[in-house]
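Got your viewer open and a selection box ready? Here is a short tour, one stop at a time.

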Amino acid sequence: MRRYVGAIDQGTTSSRFIVFDRAGNTIALAQREHRQIYPQPGWVEHDPGEILRNTVAVIGQALRQARLTPDDLAAVGITNQRETTLLWDRRTGEAVHNALVWQDTRVDPMVAELARDGGQDRFRARTGLPLASYFSALKLRWLLDHVPGARRRAEAGDLMFGTVDSWLLWHLAGRHVTDVTNASRTQLMDLRTLDWDDALLAAFGIPRAVLPAIVPSSAVYAEARAPLAGVPIAGILGDQQAALMGQACLSPGEAKNTYGTGCFLLMQTGETPMPSSHGLVTTVAAKLGDGPATYALEGSIAITGALVQWLRDGLGLIKTSAEVEALARSVPDNGDVYFVPAFSGLYAPYWRADARGIIAGLTRFASAGHIARAALEAVAYQVLDVVRAMEKDSGIPMTTLRVDGGMVVNRTLMQFQADMLAAPVVRPAGVETTALGAAYAAGLAVGYWAGPDDLRANWAEAERWTPAQDADRRARLEAGWRKAVERSFGWV
């Protein structure tokens, strides 16, 4: 009897395999980190082979840990870091270059070049996305233009492009596909037709022969080979859409925020794409089997958890990431210090590639505690900016924010987030919401879960933070943040 569902969770810093039961409880989990490669300032790469090896290793490790075999799994889903771009040989399966990570900004000059004809929103009506180095299309064009012989081989059908979901599925099951959520992040898919768009391919200089087929987020794609021999791979969701599903945000107006390397806030908007005029992106939330696609508004923030890592590794201010909360609590407030972590420019709602990180308001009174507190508060301020934009676009006030990701263990941050939003912040009982969303997609495809009501029934609240800050102080803090953000513009 196939008692469980598995999920491959391939993220920016690590690869994990998690096994869930019908109630959404974690049965087994294994994780391995991979290298972050920085060839020069603004460039961020991953080794595709290392990611694949780590994925295979954690699958075996998790199964051994729980004394399971592939026969115990009804299906497996994949969730992945989005926009990260890979190009590999169709015959050998070998990558022709390191993966260009979503944070990589080497294509900024190409963004400016394309924006000269039609502006930054040139393709927004069709794709839901502004021109930015964040998305996959220009990363793929860079690979085609800079890897010797790549464009010729791609046009001949000898090379294959994919985001990480495609890379893993090709190697685990031999199919070259991507789901609608990942395709919607390439800037090459039309949001309404859910297909690659010839005009977009021409504008970005991408040959159609290199692209994977676009499939639903929940469907049986193939049976896996070892180490998952015989198990249906039946779900693919980009990591933030997976977290939206894992949080059971399935109805219009429901929203979640994931606090990881970056922050990603998504709100379900239903079966019609909702355009943004306030700096957000419109994206596909999911497509379950033959059902209609659903859409979401999204605000993406590049640097949140990565800022704490920088305090640890770059400044040596803390020895472990967990120490940041105690250091921040060593002072009663931020001492009028603000930290704008625009290390890769600013994403939503500003979309300013020319911004760079600054610490503002420093005096000799400022201490390590003030800098740590300013770093945590920067996370909450950036989320506040996105929430304000989302409320303006949707006309729906944020009455509750469901949260997940590694930083939600930081209660000081969560309380400050509730204070600044003037709305409750709620953490679910299950912490593995991203992997759970991928498991849900796969389980729905094979009938392990009957439908959305099963997913809603599994969701349970574990902790709630309610606002405890007066409106005047909130307004003063927000004004200080906005002043600091403006100082970060125009640096490059």
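At what angle do helix α1 and helix α6 pack, and how far apart are their axes? Select residues 48-65 for α1 and residues 164-173 for α6: they pack at about 60 degrees, with axes 11 Å apart. The axes are lines fitted to C-alpha atoms, for helices over the stretch in contact, and angles run from 0 to 180 degrees between N-to-C directions. Helices are DSSP runs of H or I with at least four residues, strands are E runs of at least two, and both are numbered from the N terminus.

Before moving on, some ground rules. This is a predicted model, where local features need pLDDT of at least 70 and side-chain atom pairs count only at pLDDT 80 or more, while totals for chains, interfaces and linings use all residues. Residues are numbered from 1 along each chain as its sequence is written, and side-chain values use heavy atoms, leaving out hydrogens and water.

Back to the first pair. The crossing of α1 and α6 is right-handed (the near helix is turned clockwise from the far one by less than a right angle). Show sticks for Pro48, Gly49, Ile51, Leu52, Thr55 and Val56 on α1, then for Val164, Trp167, Leu168, His171 and Leu172 on α6; these make the contact, meaning heavy atoms within 4.5 Å. By class, that contact has eight nonpolar, three polar and no charged residues.

Stay on α6 and colour by accessibility. Nine of its 10 residues are buried, that is, under 20% relative accessible area with a 1.4 Å probe, protein chains only. Among them are Asp165, Ser166 and Trp170. Now click Gly174, which follows α6: its phi is positive, near 80 degrees.

Next, select residues 281-287, strand β17, and zoom in on Thr282. Thr282 is buried, with a relative accessible area of 3%. Draw a distance from its side chain to the backbone oxygen of Met274 and you should get 2.6 Å. Expand the selection to what Thr282 touches and you'll pick up residues including Thr127, Leu191, Pro273 and Leu297.

Last stop: α12 (residues 368-394) and α13 (residues 411-421), which pack at about 35 degrees with axes 9 Å apart. This crossing is right-handed. On the α13 side, select Leu413, Phe416, Gln417, Met420 and Leu421; on α12, the contact residues include Leu376, Tyr381 and Arg388. The residues of this contact divide into 11 nonpolar, one polar and two charged.

Note on methods
Ala, Val, Leu, Ile, Met, Phe, Trp, Tyr, Cys and Pro count as nonpolar, Asp, Glu, Lys and Arg as charged, and the others, Gly among them, as polar. Buried means under 20% relative accessible area, exposed over 50%, partly exposed in between (1.4 Å probe, protein chains only). A polar contact is a pair of N or O atoms within 3.5 Å; within protein, one must be able to donate a hydrogen and the other to accept it, and residues adjacent in sequence count only if both atoms are side-chain atoms. Lists of a residue's contacts leave out its neighbours within four places in sequence.
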